[in-house]
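Grab your viewer and let's work through a few exercises, each with its solution. Try each task yourself before reading on.

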Amino acid sequence: MIITLDDIGRRYNREWIFRHVHYEFHPQRAYAILGPNGSGKSTLIKLLTAALSSSEGTIRYRSNGAEVQLDRVYQHVAIAAPYLDLIEEFTLVEALTFHFQFKKILPGYQWEEVLNRLEFPKSAQQREVKFFSSGMKQRLKLLLACFSDTSALFLDEPTSNLDQQGELWYRHLVEETRGNRLVVIGSNQAQEYEFCDHHVQILDYK
């Protein structure tokens, strides 16, 4: 998927979060959206995933040479972010089953393989998500996004609540699943975006 931003801006009430963003995101590339906390990284990711509309400018989406309509963008993107909640009444198995009713699993993987990538004890499979630690919940969010067969992958603050072992697990997960997709990381932690070859400084658009 190619995402083109043409003079994009977003404001809340009278305050502009960012303005005059001209940028193009391409597949097979990894981008880091950088800036301090509260600078607008998550807001820009919400715009890119069509979860939020811009206050000015236009965003265009293209996949395989064809325009993607705004109400169909969700079919092409997968996202993990702190502001997206899991259904905590589901067990782990139910959470995976439910998610992959709406998103296909990456080609070449079976459902059981994806489950094993979490590296959870078997006893966790029938445990309700609400009883998971914050780190386990974060791993589950990342796994669901990374193993979804979409042309664009968005990860906002991907290592939040992960310990050092979890951060290493995250890096291996992204390396294994990124393929030829467009990958966008929202972060201010270097270890989260070291593999990104393009950096978007949100403060450049204030």
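**Exercise 1. Find how strands β3 and β8 are joined, then place them in their sheet.**

Keep in mind that this is a predicted model. Start with β3 (residues 30-34) and β8 (residues 182-187): these two run parallel, and five bridges join them. To get the register, look at A30, which stands opposite V183 in β8.

Next, zoom out to the sheet. It's an open one with five strands, in the order β6-β7-β8-β3-β9, and the pairing is parallel. The edges are β6 (77-80) and β9 (198-201), each of which pairs on one side only. From one strand to the next, the twist averages 15 degrees.

**Exercise 2. Work out how β1 and β2 pair, and check the turn between them.**

Strand β1 covers residues 2-12 and β2 covers residues 15-25; they run antiparallel, with seven bridges between them. One register point to pin down is I3, whose bridge partner in β2 is F25.

Now the turn. The hairpin of β1 and β2 has two residues between the strands, and N13 takes a positive phi near 55 degrees there.

F25 is worth a second look, since it also belongs to an aromatic cluster with Y23 and Y31.

**Exercise 3. Look at the positive phi values of Q28 and A50, and decide how exposed each residue is.**

First, the background: most residues other than glycine have a negative phi.

Q28 isn't a glycine, yet its phi is positive, at about 65 degrees. You'll find Q28 in the loop between β2 and β3. Its relative accessibility is 55%, so Q28 counts as exposed.

A50 also has a positive phi, near 65 degrees. This residue is in the loop between α1 (41-48) and β4 (56-63). Is A50 exposed or partly exposed? Exposed takes over 50% relative accessible area. A50 comes in at 29%, so it counts as partly exposed.

**Exercise 4. Classify the ring pair of Y109 and F147, and say which parts of the chain it links.**

The structure holds seven aromatic pairs. For Y109 and F147, the ring centres are 4.9 Å apart and the planes make an angle of 80 degrees. Planes over 60 degrees apart count as edge-to-face, so that is the class of the Y109 and F147 pair.

Then trace the chain. Y109 is in the loop between α2 (92-99) and α3 (111-116), while F147 is in the loop between α4 (134-146) and β7 (152-156). The two are 38 residues apart, so the pair links distant parts of the chain. Both Y109 and F147 are buried.

Finally, turn to charges over rings. R19 lies over the face of W16, 4.0 Å from the ring centre. K46 lies over the face of Y83, at 4.4 Å from the ring centre.

**Exercise 5. Describe the surroundings of S148.**

Begin with location: S148 is in the loop between α4 and β7. Its relative accessibility is 0%, so S148 counts as buried.

Which side chain makes a polar contact with that of S148? The side chain of H99 does, at 2.8 Å.

To finish, list the neighbours, leaving out residues up to four places away in sequence: S148 touches A78, H99, F100, K103, K104, L106 and R181. H99 therefore turns up in this list as well as in the polar contact, which fits a contact cut-off of 4.5 Å between heavy atoms.

Definitions and conventions: Residues are numbered from 1 along each chain as its sequence is written. This is a predicted model: local features need pLDDT of at least 70, side-chain atom pairs count only at pLDDT 80 or more; totals for chains, interfaces and linings use all residues. Side-chain values use heavy atoms; hydrogens and water are left out. Rings of Phe, Tyr and Trp (its six-membered ring) pair if their centres lie within 6.5 Å; planes under 30 degrees apart count as stacked, over 60 as edge-to-face and the rest as tilted. Helices (H or I, at least four residues) and strands (E, at least two) are DSSP runs, numbered from the N terminus. Buried means under 20% relative accessible area, exposed over 50%, partly exposed in between (1.4 Å probe, protein chains only). A charge sits over a ring if NZ of Lys or CZ of Arg is within 6 Å of the ring centre and within 35 degrees of the ring normal. Two strands pair if DSSP finds at least two bridges between them. Axes are lines fitted to C-alpha atoms, for helices over the stretch in contact, and angles run from 0 to 180 degrees between N-to-C directions. A polar contact is a pair of N or O atoms within 3.5 Å; within protein, one must be able to donate a hydrogen and the other to accept it, and residues adjacent in sequence count only if both atoms are side-chain atoms.
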